[in-house]
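Dear colleague,

I am handing over the structure we spoke about, with its sequence, so that you can look at it alongside my notes. Please open it first and then read on.

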Amino acid sequence: APPKVLLFGGSGQTGRYVAKFALEADHDVIAFVRNPDKLRSVLGEVGVSPALMQDKLKVLEGDLTDLNAVRSAVRDSGLSHANGDVIIECAGKPKAFQILAGKPMLLPAVRAIAETMREIGLKRVLIQTGAMSVDTRLYRDPSYFFKTFMVTFMSPLMCIKGMVSDNHALVPYVYREMDDLEWIVSRPGLLAEKPSKKTDAKALGVARSEAFVTSFVDLGEWTAKAVFNADLVHTAPVLAYVKRK
């Protein structure tokens, strides 16, 4: 059987496209969402047929802040490393005007996911963060100091302080505490609800600096494929539209 995908954040602006492309690639998708009706509605809006949802989609209702529910989703979904099953986490805090970062949401959830993956022997997980998430290993991240400035001073004005601070704290945890797992961290730039920007010559892929604007549909398609790419394991790529290989 094709590998299963356990998807956190499936009704979000990226997650709905991740679900769409995973379903269309014949994966069984288990979607952990707060609102199952919203999920089915937005999947219909992006072109997923009711028949495909009926056949390949399982919905788990829960909140990412409920760590017991998160653990149960990982533990009880029948995921198997031998079958190549994977987890994709693309939920995040919504935009809000905040001077302070507030209570972290992603780090506790990802920690619960990682701990439960170890319990059941699962290995592969892709975590979506953002371009302001800084990879501090040897300060080798492009634009390291600029991104740190943006996180600290500019993100409150952009109403994304909570979101980027959550991501900023998460990335170091992943590469310091999760190297026994096959993690991938994606760091897309500014996202927008636009038509696909891919062409016959270019498509979204790993780059040295992020695209100025990435469409949600392209990120969803890239994510649904990238989680199965062994070459991306233990990397935290930024994404842009690059020449097709």
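What follows is a short account of one pocket and of one helix pair.

Please keep in mind that this is a predicted model. The second largest pocket holds about 560 Å³ of space. It is lined by 18 residues, and those closest to its centre are Ala203, Leu204, Gly205, Trp222 and Val242. Three elements, namely strand S8 (202-207), helix H8 (216-226) and strand S10 (238-243), each supply at least two residues of this lining, and H8 gives the most, with five residues. Sorted by class, the lining of the second largest pocket comprises eight nonpolar, two polar and eight charged residues.

Helix H8 also takes part in a helix packing, where its partner is helix H1 (residues 15-24), and the two pack at an angle of about 50° with their axes 7 Å apart. Angles from 65 to 115 degrees would count as roughly perpendicular and those under 35 degrees as roughly parallel, and H1 and H8 are therefore oblique to each other. The crossing of H1 and H8 is right-handed. On the H1 side, the contact is made by Tyr17, Val18, Phe21 and Ala22, while H8 brings Phe216, Val217, Gly220, Glu221, Thr223 and Ala224. By class, this contact of H1 with H8 has seven nonpolar, two polar and one charged residues.

With best regards

Key
Residues numbered from 1 in each chain as written. Predicted model: local features only at pLDDT ≥ 70, side-chain atom pairs only at ≥ 80, totals over all residues. Heavy atoms only, no water. 1 Å grid on protein atoms, 1.4 Å probe; cavity = no way out; pocket = protein on both sides within 12 Å on 5 of 7 lines; lining within 4 Å. Points joined across faces, edges and corners; volume = space filled by probe spheres on them. Helix = DSSP H or I, 4+ residues; strand = E, 2+ residues; numbered from the N terminus. Nonpolar A, V, L, I, M, F, W, Y, C, P; charged D, E, K, R; others polar. Axes fitted to C-alpha atoms, helices over the stretch in contact; angles between N-to-C directions. Parallel < 35°, antiparallel > 145°, perpendicular 65-115°, else oblique. Left-handed = near helix turned anticlockwise from the far one by under 90°. Contact = heavy atoms within 4.5 Å.
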